[in-house]
Amino acid sequence: MFVGSVEMASLHYARHTMGYAAYEAARKAAIPGGSPSLGQTAGMQQLNMVGLGTGAQVIVTQTSTAVTAEVRIPSSNFSWGPISYFVNFIAKERCTLLRE
């Protein structure tokens, strides 16, 4: 029970960080002069700061009116317990912002 609680807390921490990384990626791409590559770099910087960048993907798509950033990380980045409750799980978070 305790190990499962630690795993769930780790998952929630990772998802919160991923949400912020997706927001930062979308923001960097949405501002004037921004681009999808700048957004990807900003998203990966956020993930690398907390050790979630290994194997992570930041995908930024841009239209004439909006920018969407999606962050994906494998469960091996946030599963620390001896029993892995999230085997082969990929966590995803997405953020869409209107372009300025």
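Student: What makes R72 and E70 a salt bridge in this predicted model?

Tutor: Their closest N and O atoms are 2.6 Å apart. The cut-off is a side-chain nitrogen of Lys or Arg within 4 Å of a carboxyl oxygen of Asp or Glu, so the pair qualifies.

Student: And why would such side chains pair at all?

Tutor: Side chains of opposite charge can pair when their charged atoms come close.

Student: Why is E70 called buried?

Tutor: E70 has a relative accessible area of 9%. Buried means under 20%, so E70 gets that label.

Student: Why is R72 called partly exposed, then?

Tutor: R72 comes out at 27%. Buried stops at under 20% and exposed starts over 50%, so R72 falls in between and counts as partly exposed.

Student: How do you know that R94 and E70 form a salt bridge?

Tutor: Check the N to O distance again: 2.5 Å for R94 and E70. That is within 4 Å, so this pair passes too. The pair links distant parts of the chain, with R94 in strand β3 and E70 in strand β2 (residues 66-74), 24 residues apart.

Student: What makes E70, R72 and R94 one network?

Tutor: Their salt bridges share partners, and that joins them. E70 pairs with R72, and E70 also meets R94.

Student: Is R94 buried or exposed?

Tutor: Exposed: R94 sits at 60% relative accessibility, and the label needs over 50%, so it applies.

Student: How do you know that β2 and β3 pair?

Tutor: They are joined antiparallel over nine bridges. Pairing takes at least two bridges, so β2 and β3 count as paired. One of the matches is E70 with its bridge partner R94 in β3.

Student: What makes β1 and β3 edge strands?

Tutor: Each of them pairs on one side only. The sheet is open and antiparallel, with three strands in the order β1-β2-β3. From one strand to the next, the twist averages 15°. Helix α2 (residues 36-49) packs on this sheet and touches β1 and β2.

Student: How many salt bridges turn up in the whole structure?

Tutor: Four. Among them is R15 with E93, where the closest N and O atoms are 2.6 Å apart. That pair also links distant parts of the chain: R15 is in helix α1 (residues 2-30) and E93 in strand β3 (residues 90-98), 78 residues apart.

Student: Why is E93 called buried?

Tutor: E93 has 19% relative accessibility. The limit is under 20%, so E93 makes the cut. Its partner R15, at 36%, counts as partly exposed.

Student: What makes E24 and R27 a polar contact?

Tutor: Their side chains come to 3.3 Å. The cut-off for N or O atoms is within 3.5 Å, so the distance fits. E24 lies in helix α1 and, at 9% relative accessibility, counts as buried. Beyond its neighbours within four places in sequence, E24 is in contact with A42 and Q46.

Student: Why is E100 called exposed?

Tutor: E100, in the segment after β3, has a relative accessible area of 70%. Exposed means over 50%, so the label holds. Setting aside its neighbours within four places in sequence, E100 is in contact with A30, I31 and P32.

Technical notes: Residues are numbered from 1 along each chain as its sequence is written. This is a predicted model: local features need pLDDT of at least 70, side-chain atom pairs count only at pLDDT 80 or more; totals for chains, interfaces and linings use all residues. Side-chain values use heavy atoms; hydrogens and water are left out. Helices (H or I, at least four residues) and strands (E, at least two) are DSSP runs, numbered from the N terminus. Buried means under 20% relative accessible area, exposed over 50%, partly exposed in between (1.4 Å probe, protein chains only). Axes are lines fitted to C-alpha atoms, for helices over the stretch in contact, and angles run from 0 to 180 degrees between N-to-C directions. Contact means heavy atoms within 4.5 Å. A polar contact is a pair of N or O atoms within 3.5 Å; within protein, one must be able to donate a hydrogen and the other to accept it, and residues adjacent in sequence count only if both atoms are side-chain atoms.
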